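Biologist: Please take one part of this protein and look at it closely for a first-year student. I should like to follow the contacts from one side chain to the next.

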Amino acid sequence: MTTTTSSIRVERVQQSRLDTVNFNDLPFGKIFSDHMFVSDYRDGEWTDDRIIPFGHFTMHPASMVLHYGQAVFEGMKASLHEDGTPLLLRPDEHAKRINASARRMMMAEFPEDRFVEAISQLVALDKDWIPPTEGSALYLRPYMYATDEFIGVRPSESYRFCVFTAPVGPYYAKPVRLVVEQEYVRAVPGGTGEAKAAGNYAGSLLPAHLAQQRGFDQVVWMGGPNRKQIQEVGTMNIFFVIDGEVITPATDGAILKGITRKMFIQILKDRGIPVTERVIEIDEVVAASEAGTLQEMFGAGTAAVVSHVSELQYKDKLMTLPPVEGRKIGPMLKRYIDGLRAGKVEDPHGWIVRV
Ligand SMILES: Cc1ncc(COP(=O)(O)O)c(C=O)c1O
């Protein structure tokens, strides 16, 4: 069945797959909902915005994305308000960030209002795919890639933008053991680290694998002279609480500008809790750990919201953080974001969009 709603053509599935899915046992990232949004960039404009049944794409072997890697993406979540309304958290920020990533990769930008409209309509149509339990969500994956059938290094002139969705269960983030990465780097100022570009993730796989072989969950990415400056952890931004002050590395072109990070800074400021964006060197963390003033360390990102750090290895020094039960800042931030996503707490900044 094909209908036209605003300028998005909608073709619904004949038969939903929803009744084959067990919301109480959702493997992460393997189950996809009924529909997806697709738009194609040709001759200088995005055309044929459509919501169609989720399914395969065919690809030309010379598709430029397969060779030169022009591909950017986003990760966000839709959740349910207690009254059953689907909610999106900061879709405007995700729309802006995918375009910032696209600019860095010399790709076409997708208009921000159409991004929010596309996501809203897709989520409204597949609303029943949002798992109702608190902490569960419908994960949204907007992405864009180069489709010119050409070999030769230059920007593609055609692109595909797609959004598909996947129901995911609550993220039980157990505290993580981290190792300060000494050999590899994720990004440098002037590089592509600030873009959510596919290649950045490919480059992170080997160091993450080697760290896991050594018994760690993730690496802490380092930058700056002598690689002393802390950047991020795995695929999250990083926060420290040292002697009552919350510190997160200032973005410098190498660090992804996390939307969770930005919200955390605002929430802390709203509560009058001192929060500083600045360079933080590993030596300062070691000194705080030795002085007993390193109170908390956590990763911040859409997936886990807060991922507490239990241990941090730097060279031959193992630092153990205080138990999570005694922590205040990380758990407060997580409670607040989970509350927002369930429509249970006030939203003074208008971060939530009801679908
Ligand atoms: C490298 C990296 N850093 C940080 C983040 C956290 O960003 P956000 O809070 O927008 O999910 C992500 C996830 O998108 C990431 O991939």
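Modeller: Aspartate 49 has a relative accessibility of 6% and therefore counts as buried, since buried means under 20%. The model in which this value was computed is a predicted one. The side chain of aspartate 49 meets that of arginine 114 in a salt bridge, at 3.0 Å from N to O. This contact links distant parts of the chain, for aspartate 49 belongs to strand 4 and arginine 114 to helix 3 (residues 112-125), 65 residues apart. The partners differ in their surroundings: arginine 114 has a relative accessible area of 25% and is therefore partly exposed, whereas aspartate 49 is buried at 6%.

Strand 4 holds another charged residue to consider. Arginine 50 forms a salt bridge with aspartate 40, with 2.8 Å between N and O. Here the link runs from strand 4 (residues 45-53) to strand 3 (residues 35-42), and the two residues are ten apart in the chain. Arginine 50 and aspartate 40 are both buried. This pair also has a wider setting: Arg9, Asp40, Arg42, Asp48, Arg50 and Arg160 are linked in a network of salt bridges. In the structure as a whole, a search finds 23 salt bridges.

From helix 3 we may step back along the chain to helix 2. Helix 2 covers residues 91-104, which makes 14 residues, and it reaches 20 Å from its first C-alpha to its last, close to the 20 Å expected at 1.5 Å a residue. Several of its residues are buried, among them Pro91, His94, Arg97, Ile98 and Ser101. Just after helix 2, methionine 106 adopts a positive phi of about 60°.

The aromatic side chains come next. The search of the whole structure finds 19 aromatic pairs. One of them is formed by phenylalanine 110 and phenylalanine 161, which are stacked with 4.3 Å from centre to centre and 25° between the planes. Phenylalanine 110 sits in the loop between helix 2 and helix 3, and phenylalanine 161 in strand 9 (residues 159-168), so the pair ties together parts 51 residues apart in sequence. Phenylalanine 110 counts as buried because its relative accessibility is 0%, and phenylalanine 161 is likewise buried at 0%.

Phenylalanine 161 has a further partner in phenylalanine 115, and this pair is tilted, with 5.9 Å between the centres and 40° between the planes. This pair again links distant parts of the chain: phenylalanine 115 lies in helix 3 and phenylalanine 161 in strand 9, 46 residues apart. Phenylalanine 115 has a relative accessible area of 1% and is therefore buried.

How do these rings fit into a wider group, and which residues form the aromatic cluster? Phe37, Tyr41, Trp46, Phe110, Phe115, Tyr159 and Phe161 form one aromatic cluster.

To draw the picture together, helix 3 takes part in two kinds of contact: its arginine 114 joins strand 4 by a salt bridge to aspartate 49, while its phenylalanine 115 is linked to strand 9 by a tilted aromatic pair with phenylalanine 161. Strand 4 in turn is linked to strand 3 through the salt bridge between arginine 50 and aspartate 40.

Methods. Residues are numbered from 1 along each chain as its sequence is written. This is a predicted model: local features need pLDDT of at least 70, side-chain atom pairs count only at pLDDT 80 or more; totals for chains, interfaces and linings use all residues. Side-chain values use heavy atoms; hydrogens and water are left out. Helices (H or I, at least four residues) and strands (E, at least two) are DSSP runs, numbered from the N terminus. The expected span of a helix is 1.5 Å times one less than its number of residues. Buried means under 20% relative accessible area, exposed over 50%, partly exposed in between (1.4 Å probe, protein chains only). A salt bridge is a side-chain nitrogen of Lys or Arg within 4 Å of a carboxyl oxygen of Asp or Glu. Rings of Phe, Tyr and Trp (its six-membered ring) pair if their centres lie within 6.5 Å; planes under 30 degrees apart count as stacked, over 60 as edge-to-face and the rest as tilted.
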